[in-house]
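Please open the structure in your viewer and keep the selection panel at hand. The tour moves from one selection to the next, and at each stop it says what is to be found there.

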Amino acid sequence: KQNSFLVGSANKKIVQFDTKTGEISQQYEEHLGPVNTITFIDNNKRFVSTADDKKIFIWEFGIPVVVKHVSEPDMHAIPAAILHPNGKYFAGQSMDNKIV
């Protein structure tokens with residue numbers, strides 16, 4: 001959506017704001033820790049979020065239901081993430097200095 005932006009917060013939520021109205025238009029509430037990153041993928045149709053809960057979630061933009069959940073027992077929090085310029089790959093740097 002042209003008039004929306006997302007904010008990841010320390011209260012474990014991702015909030016979608018409508019810039020025309022200044023109102024909250026959606027909340028994404030599945031993380032169990034502060035949200036660290038939000039990265040858009042699939043031509044901005046989906047986004048990936050990471051948090052201190054050591055989980056990676058993939059969401060459909062505008063729908064507050066997790067599409068894919070990535071979590072392994074040995075994973076660490078991921079404070080930095082980026083989409084490759086060709087749009088096919090997502091990379092994150094975990095707190096144990098590994099690329100995921």
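Before the first selection, it helps to know that a residue is called buried when its relative accessible area is under 20%, exposed when that value is over 50%, and partly exposed in between. The model on display is a predicted one.

Begin with lysine 54, which sits in the loop between strand S5 (46-51) and strand S6 (56-60). Is lysine 54 buried, exposed or partly exposed? Its relative accessibility is 40%, and because this value falls between the two cut-offs, lysine 54 counts as partly exposed. If your viewer reports backbone angles, look at phi here, for lysine 54 has a positive value of about 70° although it is not a glycine.

From there, select serine 71, which belongs to the loop between strand S7 (66-70) and strand S8 (80-83). Serine 71 and lysine 54 are 17 residues apart along the chain, yet their C-alpha atoms are separated by 6.8 Å. Which residues does serine 71 contact, once its neighbours within four places in sequence are left aside? They are Lys54 and Lys55. Serine 71 has a relative accessibility of 34%, so it counts as partly exposed.

Next, go to lysine 12, in the loop between strand S1 (4-8) and strand S2 (14-18). Here again phi is positive, at about 75°, although lysine 12 is not a glycine. With a relative accessibility of 40%, lysine 12 counts as partly exposed.

Now move to glutamine 2, which is placed in the segment before S1. At 78% relative accessibility, glutamine 2 counts as exposed. To draw a distance from this stop, add lysine 20 to the selection: the two residues are 18 apart in sequence, and their C-alpha atoms are 10.0 Å apart in space.

The tour now turns to the interior. Select Leu6, Ile14, Tyr28, Val35, Phe47, Phe57, Trp59 and Phe61 together, and you have the largest nonpolar core, with 8 residues. Apart from that core lies another, of 6 residues, which include Val48, Ile56, Met75 and Ile78.

Within the largest core, stay for a moment with tryptophan 59, one of its members. Not counting residues up to four places away in sequence, tryptophan 59 touches Ile14, Tyr28, Glu29, Glu30, Lys45, Arg46, Phe47, Ser49, Pro64, Val65, Val66 and Val67.

Finally, clear the selection and view the whole protein chain, whose secondary structure comes to 0 helices and 9 strands. Its radius of gyration is 13 Å, close to the 13 Å that the globule rule gives for 100 residues, so the chain is as compact as a globular protein of that length. Measured out along its principal axes, the C-alpha trace spans about 40 × 30 × 20 Å.

With a surface display switched on, the chain exposes about 6,300 Å², of which carbon and sulfur atoms supply 51%. Of its 100 residues, 30% count as buried. If you colour by charge, you will find 11 positive and 11 negative charges, whose mean positions are 4 Å apart. As a last view, consider the contacts between residues at least 6 apart in sequence: 25% of these join residues at least 24 apart.

Methods. Residues are numbered from 1 along each chain as its sequence is written. This is a predicted model: local features need pLDDT of at least 70, side-chain atom pairs count only at pLDDT 80 or more; totals for chains, interfaces and linings use all residues. Side-chain values use heavy atoms; hydrogens and water are left out. Helices (H or I, at least four residues) and strands (E, at least two) are DSSP runs, numbered from the N terminus. Buried means under 20% relative accessible area, exposed over 50%, partly exposed in between (1.4 Å probe, protein chains only). A nonpolar core is a set of buried Ala, Val, Leu, Ile, Met, Phe, Trp, Tyr and Cys residues joined through side-chain atoms within 4.5 Å. Contact means heavy atoms within 4.5 Å. The radius of gyration is taken over C-alpha atoms; the globule rule is 2.2 Å times the number of residues to the power 0.38. Accessible areas come from the Shrake-Rupley method with a 1.4 Å probe; for residues, only the protein chains shown count as cover. Lys and Arg count as positive and Asp and Glu as negative; His and the chain ends are not counted. The place of a charge is taken as NZ of Lys, CZ of Arg, CG of Asp or CD of Glu.
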